[in-house]
Amino acid sequence: MQHTNASLTEEETHIDPVCGMTVIATTAAGKHDYKGKTYYFCGPGCMRSFQKEPEKFLAPDYKPSM
Ligand SMILES: [Zn+2]
């Protein structure tokens, strides 16, 4: 074993815009491209909600809730 960067992970994290959870890109339940940006989701339910009404979740006054 020759790990020179043992503590460094390449896991990219994103915020699920629907519920506000932190999602790791590689383990996300789903992702969706919208207006040139990729959004990641904790579960298929969040992804479906976003796909249905993306503008609702991207509105500045939307507050993510679990
Ligand atoms: Zn979610």
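Which residue in β4 stands opposite Tyr-34? The partner is Lys-37. Bear in mind that what you have on screen is a predicted model.

**The β3/β4 hairpin**

Strand β3 covers residues 30-34, and it pairs with β4 in the antiparallel sense over five bridges. Two residues sit between the strands of this hairpin, and Lys-35 takes a positive phi near 50 degrees there. Here are two of the facing positions:

| Residue | Opposite it in β4 |
|---|---|
| Tyr-34 | Lys-37 |
| His-32 | Tyr-39 |

Tyr-39 is worth a click. Besides being the bridge partner of His-32, Tyr-39 touches Pro-17, Lys-31, His-32, Tyr-34 and Phe-50, if you skip residues up to four places away in sequence.

**The core**

Tyr-39 also belongs to the largest nonpolar core, a set of 10 residues. Its other members are Val-18, Val-23, Ala-28, Tyr-40, Phe-41, Cys-42, Cys-46, Met-47 and Phe-50. Two elements, β4 (37-41) and α1 (44-52), each supply at least two residues of this core. Phe-50, one of the contacts of Tyr-39, is itself a core member.

**Over at Thr-22**

Now for strand β2, residues 22-24, where you'll find Thr-22. Is Thr-22 buried or exposed? Thr-22 counts as exposed because it has just 10 C-beta neighbours inside 10 Å, and the cut-off for exposed is 12 or fewer. Leaving out neighbours within four places in sequence, Thr-22 is in contact with Thr-13 and Ile-15. Its C-alpha atom is separated by 9.1 Å from that of Tyr-40, which is 18 residues away along the chain.

Conventions. Residues are numbered from 1 along each chain as its sequence is written. This is a predicted model: local features need pLDDT of at least 70, side-chain atom pairs count only at pLDDT 80 or more; totals for chains, interfaces and linings use all residues. A nonpolar core is a set of buried Ala, Val, Leu, Ile, Met, Phe, Trp, Tyr and Cys residues joined through C-beta atoms within 7 Å. A residue is buried if 20 or more other C-beta atoms lie within 10 Å of its own, exposed if 12 or fewer, and partly exposed in between; C-beta atoms are placed from the backbone. Helices (H or I, at least four residues) and strands (E, at least two) are DSSP runs, numbered from the N terminus. Two residues are in contact if their C-beta atoms, placed from the backbone, lie within 7 Å. Two strands pair if DSSP finds at least two bridges between them.
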